[in-house]
Amino acid sequence: MVQKLDVLAESASQTGGPYVHIGLIPSFAGLEGMYPEDLGKRAIEEGAQGQVITITGSVFDGTGWALRDALIESWQPDAQGRFPGQPGADPKVNGFCRFAADGQSGEYTLRTVKPGRVPLRGGGLQAPHVSLWIVARGINVGLQTRLYFEDEDNSADPLLARIEQRQRVQTLIAKRFGDGQYRFDIRLQGEGETVFLDI
Amino acid sequence: MTMPADATGADAGPLIPRNRAVHPVACDIDYKTSVARSPALPLLSMESTPSEETGPVFGHDTLGALDNNLILNWTKGAAPAVGERILMHGRVLDELGRPVPHTLVEIWQANAGGRYRHVKDTYFAPLDPNFGGCGRTITDAQGHYQFLTIRPGAYPWPNRANDWRPMHIHVSVFGHSFGQRLITQMYFEGDPLIPLCPIANTIKDRASLDRLVAPLDMAHARPLDFLAYKFDIVLRGRRQTMFENRPEGM
Ligand SMILES: [Fe+3]
């Protein structure tokens, strides 16, 4: 026998299910008036510093069908790479946003500022990115991924550097299609499967 | 670079890697929707960075007075919801057993008949005009939270020919790091539908599923008013950072 480790196990995840919007974005589910405003409605307030950008995309299943019931949360620093709450952080950047795939088209939209580079514990800088967390019916453990930008220098990013199959790096890179306009599709499975993270 | 201290003031280090064995499998043929929605390739593992170690903070000013009272919050106190009145309470802890204070907990659930207030829920159990079905609260300094609600009904769902969800309450927790983000479900002690449920059974570790089953807690039940169920939630912890100042490669 050995001594007992005094640690607890993390609670098991369960799917958010088809009605996850009731809990997280009640007015989207038809529960207008439950709260004065849905939590995480905006990533930024008016007057945020930096370039305001709009990201659109869909979450596709393994058959190529765009999910109509996906819900995404995003988290990011301000244009200088400071997260909300850190010294000097832009008070107009909330950093956190919740948004859902449209019930008809399956398309989501995120309006935010382009994030700055963030230093790592051991030195070095991460390329600008937005962290994403995707939940839906059929997703048993919320999926973590990141959105990088095709018009930034991503060459020294330590996470992207760890992707062995180099063509898969592209699954994390939002494509620019206009001034401040980006497209980022997430593929849960199959050809072009997005790199999901255990981090 | 000096890493910011976490909300408890501790000099927190990287997140402890997730023990995937306590979590559901991504793809389970008995939960049909998971089959096309589960990544087939391995996840990319890496030590956490500030992107995962920081997270949004929500203050008590976010909350309304009835937000954690699902019996009254839909009607703003005008009329109570139908159902067996229960107190759902517990603590949010991390893997090291430390309380997670001042963190947002959100819940949603079906009404007493097993029907959700959602356009896509077409089950013929009636809606309760006095029940919305969601609530939220923030843990106190010791990580405690509580909700007053009604016990949700079991409901059938289209999966295999005759699948029913056990009584359950969906729970969303933030913690202090975006990498701690968790959605889970609370089940009720003694529910015979739990072992039959394909969603509960996506968790292959029996002890891990058992930890999602809340025991009846008569010590916190209020006579002639409500029963109580206790549900503790454990989030990922963070390693201490002592002896971490070694140069790269040493
Ligand atoms: Fe449910």
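Is Lys114(A) buried or exposed? I opened the notebook with that one, and Lys114(A) counts as buried, at 8% relative accessibility. A reminder to myself before going on: this is a predicted model.

**Entry 1: around Lys114(A)**

I next looked for a partner and found Glu152(A), which forms a salt bridge with Lys114(A), the closest N and O atoms being 2.8 Å apart. Lys114(A) sits in the loop between strand 4 (107-113) and strand 5 of chain A, while Glu152(A) is in the loop between strand 8 and helix 2, so the pair ties together parts that are 38 residues apart in sequence. Glu152(A), at 24% relative accessibility, counts as partly exposed.

I then followed the charges onward. Lys114(A) and Glu152(A) belong to a network of salt bridges that also links Arg117(A), Asp151(A), Arg176(A) and Asp179(A). Within it I looked up Arg176(A) and Asp151(A), whose closest N and O atoms are 3.7 Å apart in their salt bridge. This pair also links distant parts of the chain, 25 residues apart: Arg176(A) is in strand 9 (residues 173-178), and Asp151(A) is in the loop between strand 8 and helix 2 of chain A. Arg176(A) is partly exposed at 40% relative accessible area, and Asp151(A) is partly exposed at 35%.

**Entry 2: another pair in chain A**

I also checked Glu37(A), which has a salt bridge to Arg42(A) with closest N and O atoms 3.3 Å apart. Glu37(A) is partly exposed, with a relative accessible area of 37%, and Arg42(A) is partly exposed, at 37%. Over all chains I noted 31 salt bridges.

**Entry 3: where the chains meet**

How many residues of chain A are in contact with chain B? I noted 72, and they meet 88 residues of chain B. The two chains bury about 7000 Å² between them, with 57% of it on carbon and sulfur atoms. Glu10(A), Gln14(A) and Arg121(A) supply 14% of the area that chain A buries against chain B, more than any other three residues.

For polar links, I found 7 salt bridges between chain A and chain B. One I looked up joins the side chains of Glu106(B) and Arg98(A), at 2.7 Å from N to O. There are also 40 residue pairs in polar contact between the two chains, both residues being at pLDDT 80 or more. Among the elements giving two or more residues to the chain A side are helix 1 (20-24), strand 3 (96-100), strand 7 (129-135) and strand 12. By class, that side has 37 nonpolar, 20 polar and 15 charged residues.

**Entry 4: Gln189(A)**

I found Gln189(A) in the loop between strand 11 (186-187) and strand 12 (197-198) of chain A. Gln189(A) is buried, at 18% relative accessible area. Its side chain reaches the backbone oxygen of Ser38(B) at 2.7 Å. Beyond residues up to four places away in sequence, Gln189(A) touches Asp61(A) and Gly62(A), together with Val35(B), Ala36(B), Arg37(B), Ser38(B) and Ala40(B).

**Entry 5: the cores**

Last, I turned to the largest nonpolar core, which has 40 residues. Those touching the most other members include Met88(B), Val171(B), Met186(B) and Phe231(B). Strands giving two or more residues to this core include strand 3 (85-94), strand 9 (168-173) and strand 10 (182-188) of chain B. Apart from it I noted another core, of 31 residues, among them Val118(A), Phe58(B), Ile138(B) and Phe178(B).

Methods. Residues numbered from 1 in each chain as written. Chains lettered and ligands numbered in written order. Predicted model: local features only at pLDDT ≥ 70, side-chain atom pairs only at ≥ 80, totals over all residues. Heavy atoms only, no water. Helix = DSSP H or I, 4+ residues; strand = E, 2+ residues; numbered from the N terminus. Buried < 20%, exposed > 50% of the residue type's maximum accessible area, 1.4 Å probe, protein only. Polar contact = N/O pair within 3.5 Å; in protein donor to acceptor, adjacent residues only side chain to side chain. Contact = heavy atoms within 4.5 Å. Core = buried A, V, L, I, M, F, W, Y, C linked by side-chain atoms within 4.5 Å. Buried area = accessible area lost by both parts, 1.4 Å probe. Salt bridge = Lys/Arg side-chain N within 4 Å of Asp/Glu carboxyl O. Nonpolar A, V, L, I, M, F, W, Y, C, P; charged D, E, K, R; others polar.
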